[in-house]
Amino acid sequence: MTTEAKNEAQDISEEGGVDLAAEIPVMGEAAERFAMAPQWQLMWWKFRRHRLALVSLVVIIILYTVAIFAGFFAPKSADPTELQTPSYTPPGYAHQTEYINAPPMPIHWIDNGTFAPYVYAFKKTRDPKTLVETFVATDTKIRLGFFVPGDRYTVGFSSVPVCPPEWSENAICKLIDPVLGFVKTLAFTADIHLFGPINPEDPFYPAGADDVGRDVFSRLIYASQVSLSVGLVGVFLSLLLGIFLGGLSGLVGGWVDNLIQRTIEVLRAIPDIPLWMALAIAMPPRLDPVYVYFGVTIILSLLRWTDLARVVRGKFLSLREDDFVTAAELDGVPRGRIIMRHMVPSFMSHIIAQMTLSIPGMILGESALSFLGVGLRPPVVSWGVMLNKAIDVVVVINKPWLLLPGLAIFVTILAFNFLGDGLRDAADPYHV
Amino acid sequence: MLTYILRRLLYMIPVMFIISILVFLTIQLPPGDPITKMIENQRLQQGRVFSEKDIEMMQARFGYGDPLPVQYTKWIGNIVLRGDFGYSFYKREEAGKVIADLMPLTIAISLGSFIFTWIVALPIGVLSAVRQYSIADYVFTFIGFIGLAIPNFLLALILLVLGLTTFHTSFTGLFSSAEIQQAPWSLAKVWDLLKHAWVPMVVIGTGGTAGLIRIMRANLLDELHKPYVETARAKGLSEMRLLVKYPLRHAMNPFVSGFAYLLPYLVAGEAIVAIVMNLPTEGPTLLNSLLNLDVYLGGGILLLISFMTLISTLLSDILLAWLDPRIRYGN
């Protein structure tokens with residue numbers, strides 16, 4: 001059934017009551033369409049009714065798109081000093097020290113009646129009496145533009161080769177090599193940015209600078225890569241643990257069920273943040289950032305799989321008694337096939353909804369740990385790591401723009417909560 | 001009822017045992033032996049060399065140098081039998097004394113936020129359900145979602161900033177001055193505490209309140225449209241009496257069992273809010289002791305806050321059994 005047909009049915013039913021005789025057959029048709037629609041279609045219709053969830057879905061898609069193409073959306077790089085190599089100096093690197101702790105630059109969009117965005121360059125002055133450093137806007141206009149060249153960045157996984165040398169005999173590799181021979185890894189490098197100063201040497205701080213003169217706005221965008229993926233990776237790990245242990249609990253029953261249920265109770269009795277703190281501190285201090293990232297994610301999932309396990313167990317327990325499972329059993333379908341083909345698909349939507357609702361907890365956990373300085377550490381940049389600079393109230397009062405990552409966390413968590421609510425309602429399309 | 005409580009109490013013992021093993025393993029996780037490190041630090045920083053006798057004493061007390069299971073047995077044995085939590089090498093004090101100083105305020109703040117959560121969530125949840133889709137419902141749902149989405153450490157930070165810039169008072173700490181904090185308990189001290197404690201209580205309670213409002217609203221909505229409510233209404237029961245006597249009682253169950261998990265949540269929130277707001281509770285001390293490999297202090301705090309949450313689970317179960325005879329008499 002097409003969307004138009006559904007809309008048509010809706011339009012008619014909304015006019016309802018005007019001409020009953022004309023309405024009934026159409027209603028009948030609509031009802032039939034409703035009855036014939038596949039389950040995912042029903043879910044989509046139900047989900048669509050939840051406006052906030054729909055908006056949240058769009059917000060989340062935007063957030064993840066920005067995170068994937070962070071280099072393109074960020075006007076500058078997260079840490080220009082890191083990009084510097086003997087052969088490459090990132091543009092705009094030179095002025096970094098002049099803009100330490102600079103406040104956000106207001107963007108002016110119209111210049112002399114035409115659309116020509118610009119910002120004023122800042123100059124540092126010192127109050128002769130109080131000796132406080134302040135930034136004042138100079139008359140120098142820094143022209144801004146769309147699709148401007150800037151720092152070089154990489155999108156994708158630069159460590160994943162498309163065709164590793166040992167695959168050179170592979171048929172597909174042979175096929176794509178003459179055409180896309182220049183694509184060596186699952187990544188591309190570019191220096192075009194969506195928005196930024198036309199002259200890449202110019203400073204541009206739309207959301208202020210931090211204590212070493214890095215652009216907070218660009219860092220915010222780069223940080224979303226870590227903050228948003230911690231939620232996904234963590235939930236994926238919890239899902240593996242939750243489905244395995246919850247499934248075992250629900251399917252096997254008996255003492256296995258008892259043991260797993262008691263374990264869940266113990267884990268839920270321990271306050272999460274103190275235990276996370278203890279585990280995070282136990283990680284070796286000079287660990288490679290990648291391992292720290294996975295370490296933190298594993299620590300987060302160690303306590304958070306219990307929610308998913310409970311849902312999975314409950315579903316297995318109730319489905320075990322259901323008619324269609326009994327029917328399959330009587331037909332002699334092997335047990336593994338019953339689980340994978342009959343039981344799991346019937347509660348997958350619930351799992352997805354529950355997963356969506358678990359992501360905010362993960363993101364919150366990571367940011368709380370990094371905020372305290374025991375989670376992710378620089379040079380990794382996440383929203384929590386950025387907020388760590390704002391742990392002191394005096395700093396926040398003087399540089400309120402350092403709290404921006406908090407806003408990002410807030411928006412993300414709100415969006416995931418609404419989306420999860422909508423998905424949970426939609427997961428059961430037959431429930432009115 | 002008594003047998004039920006007794007059974008739940010007995011059941012706590014193995015759970016506490018497992019938690020104690022988990023806590024012990026967690027504090028032993030950092031590489032290296034903490035006592036060896038401490039001896040080394042003391043030698044390097046203060047030139048203090050531990051005598052043979054000191055080390056012998058430490059072996060007797062903590063099982064220093066013994067294998068882990070022996071150390072664990074000594075550690076938990078000291079705590080359970082003698083109330084001896086070991087020694088805090090960082091604070092240079094008996095760990096038990098440090099914990100005893102911190103715990104009353106920690107419990108007070110946690111309970112305070114707990115009561116705050118309840119007092120706020122119950123009426124608002126009921127109101128949101130009874131007046132579904134009213135302006136009040138939308139406003140509270142909206143505020144609830146904001147409360148759920150804002151990390152409480154961020155809320156604490158924002159309130160601290162607002163306090164300093166707008167109200168010109170500092171929300172940090174629990175007392176007006178260090179003298180008052182040191183002073184023995186008096187009515188004036190309690191009053192001073194109350195004046196300061198409401199801010200962290202509200203901050204810690206916000207997230208939990210939002211969650212509980214949603215639970216209450218959803219459950220009450222499920223009940224409100226059931227036939228028995230109609231019947232009672234048809235029989236002429238006043239709306240208020242009807243609500244309190246029937247659907248609310250039903251809807252209370254998930255609400256009460258939900259708060260078994262509320263206290264761990266509040267204690268966890270308390271830990272991080274206390275660090276931001278610099279409260280004299282376990283949060284900052286726990287972080288410092290963990291960072292400084294002060295194992296006995298850190299372990300003791302972890303153990304006690306887990307114990308606290310277990311007690312809260314017990315209380316919620318007892319309350320649930322009291323509310324719902326099916327649980328009391330069923331299996």
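# Reading the interfaces of chains A and B

Visitor: Across the interface of domain 1 of chain B and domain 2 of chain B, how many residue pairs in polar contact does the rule find?

Guide: The rule finds zero such pairs there, with both residues required to be at pLDDT 80 or more. Keep in mind that this is a predicted model. Salt bridges across this domain interface also number zero.

Visitor: Which elements give two or more residues to the side of domain 1 that touches domain 2 in chain B?

Guide: In chain B, they are helix 1 (2-28), helix 2 (34-46), helix 4 (68-82) and strand 1 (87-88). Helix 1 of chain B provides the largest share of that side, 11 residues. Sorted by class, the domain 1 side has 21 nonpolar, three polar and three charged residues.

Visitor: And where do the two domains of chain B begin and end?

Guide: The domain assignment places domain 1 at 2-95 and domain 2 at 99-329. In their contact, domain 1 of chain B takes part with 27 residues and domain 2 of chain B with 25 residues. Their C-alpha centres are 32 Å apart.

Visitor: How should I read the size of an interface?

Guide: Interface size is often given as the accessible area that is lost when the parts come together. Between domain 1 and domain 2 of chain B, about 2,500 Å² is buried, and carbon and sulfur atoms give 77% of it. Between chain B and chain A, the buried area is about 3,500 Å², with 83% from carbon and sulfur atoms.

Visitor: How many residues does each chain bring to the contact between chain B and chain A?

Guide: Chain B brings 41 residues and chain A brings 40 residues.

Visitor: Which residues form the salt bridge between the chains?

Guide: Arg214(B) pairs with Asp421(A), and their closest N and O atoms are 2.7 Å apart. The rule finds one salt bridge across this interface, along with three residue pairs in polar contact, both residues at pLDDT 80 or more.

Visitor: Which helix gives the largest share of the chain B side?

Guide: Several helices of chain B supply at least two residues each, including helix 6 (135-149), helix 13 (262-277) and helix 15 (295-323). Helix 7 of chain B gives the largest share, eight residues. By class, the chain B side has 36 nonpolar, four polar and one charged residues.

Visitor: Now a single residue: is Thr412(A) buried or exposed?

Guide: Thr412(A) counts as buried because its relative accessibility is 0%, and the cut-off for buried is under 20%. This residue sits in helix 16 (residues 404-426) of chain A. Beyond neighbours within four places in sequence, Thr412(A) is in contact with Leu63(A), Leu228(A), Ile363(A) and Trp383(A).

Technical notes: Residues are numbered from 1 along each chain as its sequence is written. Chains are lettered from A and ligands numbered from 1 in the order in which they are written. This is a predicted model: local features need pLDDT of at least 70, side-chain atom pairs count only at pLDDT 80 or more; totals for chains, interfaces and linings use all residues. Side-chain values use heavy atoms; hydrogens and water are left out. Domain bounds come from an automatic or database domain assignment. Contact means heavy atoms within 4.5 Å. Buried area is the accessible area (1.4 Å probe) that two parts lose on being put together, summed over both. A salt bridge is a side-chain nitrogen of Lys or Arg within 4 Å of a carboxyl oxygen of Asp or Glu. A polar contact is a pair of N or O atoms within 3.5 Å; within protein, one must be able to donate a hydrogen and the other to accept it, and residues adjacent in sequence count only if both atoms are side-chain atoms. Helices (H or I, at least four residues) and strands (E, at least two) are DSSP runs, numbered from the N terminus. Ala, Val, Leu, Ile, Met, Phe, Trp, Tyr, Cys and Pro count as nonpolar, Asp, Glu, Lys and Arg as charged, and the others, Gly among them, as polar. Buried means under 20% relative accessible area, exposed over 50%, partly exposed in between (1.4 Å probe, protein chains only).
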